[in-house]
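Grab a pencil and work through these exercises with the structure open beside you. Try each task before you read its solution.

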Amino acid sequence: MLRQVVRLDSRKGAALEKNVQMTLLLDLYGTLLTQKQREALSLHLEEDLSYAEIAAELGISRQGAADAAGAAKEQLSYYEEKLGLLRRHMRTQALVEKALGHIEGMKDAQVLRDILSELIEGEEHGV
């Protein structure tokens, strides 16, 4: 029984992580979607509405709501694959946090310079 609960929690965590990632992608690339796609996905992710509820809200069929949200997810994934804005943002954020950790105690100035140089070079090269 415990193994089954752990498996369910793991899937829930993965689904939650995917929803958070999609929400971030929607923030970054949402203006590139159609209005219907943007609204359907926003209602699904941010308001946690079912496709039936989204359909009622937007005046479309349940299948239309599911199709719009699905197409939006595919488009957002495609944009991220090609442009990588979220990936770059996450990398930059990790490097900044790493630098801040070294600044706090000023343990090693050279390590800090190396981290910041890596951050600057990455941004210049679009990585």
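**Exercise 1.** Which residues does Gln37 touch, not counting residues up to four places away in sequence?

*Solution.* Before you start, note that this is a predicted model, where local features need pLDDT of at least 70, side-chain atom pairs count only at pLDDT 80 or more, and totals for chains, interfaces and linings use all residues. Residues are numbered from 1 along each chain as its sequence is written, and side-chain values use heavy atoms, with hydrogens and water left out.

Step 1: find Gln37 in helix α2. Helices here are DSSP runs (H or I, at least four residues; strands are E, at least two), numbered from the N terminus.

Step 2: look for contacts, meaning heavy atoms within 4.5 Å. Gln37 touches Ala68, Ala71 and Ala72.

Step 3: check the burial of Gln37. Its relative accessibility is 14%, so Gln37 counts as buried (buried is under 20% relative accessible area, exposed over 50%, partly exposed in between, with a 1.4 Å probe and protein chains only).

**Exercise 2.** Describe the chain as a whole, and say how confident the predictor is.

*Solution.* Step 1: count the elements. You should get 6 helices and 0 strands, and from the N terminus on they run α-α-α-α-α-α.

Step 2: look at burial. The chain has 127 residues, and 25% of them are buried.

Step 3: turn to pLDDT, the predictor's confidence in each residue, from 0 to 100. The chain's mean is 83, with 81% of residues reaching 70 or more. Over residues 1-8, though, pLDDT stays under 50, and the model has 0 contacts beyond four places in sequence for them.

**Exercise 3.** Work out how α4 packs against α2 and against α3.

*Solution.* Step 1: pick your descriptors. Two packed helices are described by the angle between their axes and the distance between the axes. Axes are lines fitted to C-alpha atoms, for helices over the stretch in contact, and angles run from 0 to 180 degrees between N-to-C directions.

Step 2: take α2 and α4. Their axes cross at roughly 95° and come within 8 Å. That's why α2 and α4 are called roughly perpendicular (angles under 35 degrees count as roughly parallel, over 145 as roughly antiparallel, 65 to 115 as roughly perpendicular and the rest as oblique).

Step 3: list who meets whom. Lys36, Gln37, Ala40, Leu41 and His44 from α2 meet Ala65, Ala68, Ala69, Ala71, Ala72, Lys73 and Leu76 from α4. Sorted by class, this contact has 8 nonpolar, 2 polar and 2 charged residues (Ala, Val, Leu, Ile, Met, Phe, Trp, Tyr, Cys and Pro count as nonpolar, Asp, Glu, Lys and Arg as charged, and the others, Gly among them, as polar).

Step 4: repeat for α3 (residues 51-58) and α4 (residues 62-83). They pack at about 100°, with axes 8 Å apart, so α3 and α4 are roughly perpendicular as well. On the α3 side you'll find Tyr51, Ala52, Ile54 and Ala55, and they meet Arg62, Ala65, Ala66, Ala69 and Lys73 in α4. This contact has 7 nonpolar, no polar and 2 charged residues.

Step 5: zoom in on Tyr51. The C-alpha atoms of Tyr51 and Arg62 are separated by 5.5 Å, although the two are 11 residues apart along the chain. Leaving aside neighbours within four places in sequence, Tyr51 is in contact with His44, Arg62, Ala65, Ala66, Ala69 and Lys73.

**Exercise 4.** Which residues touch the most other members of the largest nonpolar core?

*Solution.* Step 1: get the term straight. A nonpolar core is a set of buried Ala, Val, Leu, Ile, Met, Phe, Trp, Tyr and Cys residues joined through side-chain atoms within 4.5 Å.

Step 2: name them. The core has 21 residues, and Leu25, Leu33, Ala40, Leu41, Tyr51, Ile54 and Leu76 touch the most other members. At least two residues come from each of α1 (2-29), α2 (35-46), α3 and α4, and α4 gives the most, with 7 residues.

Step 3: follow Leu25, which sits in helix α1. Leu25 has a relative accessible area of 2%, so it is buried. Beyond four places in sequence, Leu25 is in contact with Gly30, Leu76, Glu80 and Leu86.

**Exercise 5.** Is Asp48 buried or exposed?

*Solution.* Step 1: locate Asp48 in the loop between α2 and α3.

Step 2: read its relative accessible area, which is 66%, so Asp48 is exposed.

Step 3: check the backbone. Asp48 has a positive phi of about 55°, although it is not a glycine.
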